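I wanted to look up how the core and the sheet of this model fit together, and I kept my entries in the order in which I checked them.

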Amino acid sequence: MGLGETLGMYLAVTEENSRKNLVFAAALNFAKAQAEASFSWSFDKDRVLHISITGLTLAGKTAIQIFCDTQFGPGKVVVS
């Protein structure tokens, strides 16, 4: 593996981690009134972040999805 390939992998993972942290912070902000909310996340093979939130209203999930689409562009994060 060459330096360029290693750097590319590093930058991709750094971007993914930053995206996850920003989404998580936004989700916590939306869910702060919902003490029972819990979160799980994963990346699919196309590196789309999937965040599952239990204990949050549909309106809250929709607000988080709109934030994600605005912040990262459509298709980068899926909230369920």
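I began with Val23 and, leaving aside its neighbours within four places in sequence, found it in contact (heavy atoms within 4.5 Å) with Leu49, Ile51, Cys68, Phe72 and Val77. I noted that this is a predicted model, in which local features need pLDDT of at least 70 and side-chain atom pairs count only at pLDDT 80 or more, while totals for chains, interfaces and linings use all residues. Residues are numbered from 1 along each chain as its sequence is written, and side-chain values use heavy atoms, with hydrogens and water left out.

Next I looked up the largest nonpolar core (buried Ala, Val, Leu, Ile, Met, Phe, Trp, Tyr and Cys residues joined through side-chain atoms within 4.5 Å, buried being under 20% relative accessible area with a 1.4 Å probe, protein chains only). Of its 13 residues, Val23, Ile51, Ile53, Ile64, Cys68, Val77 and Val79 touch the most other members. The elements giving two or more residues to this core are α1, β2, α2 and β3 (DSSP runs numbered from the N terminus, helices H or I of at least four residues, strands E of at least two).

I then turned to the sheet, which is open and mixed, with three strands in the order β1-β2-β3 (strands pair if DSSP finds at least two bridges between them). Because β1 (38–43) and β3 (77–79) stand at the edges with a single partner strand each, one side of each is left without a neighbour in the sheet. β1 pairs with β2 (residues 49–54) in the antiparallel sense over six bridges, and Phe43 has Leu49 in β2 as its bridge partner.

Last, I checked helix α1 (residues 3–31), which lies across β1, β2 and β3 and runs at about 160 degrees to β1 (axes are lines fitted to C-alpha atoms, for helices over the stretch in contact, and angles run from 0 to 180 degrees between N-to-C directions). Helix α2 (residues 58–72) packs on the sheet, touching β2 and β3, and its direction makes about 175 degrees with that of β3.

Terms used. Buried < 20%, exposed > 50% of the residue type's maximum accessible area, 1.4 Å probe, protein only.
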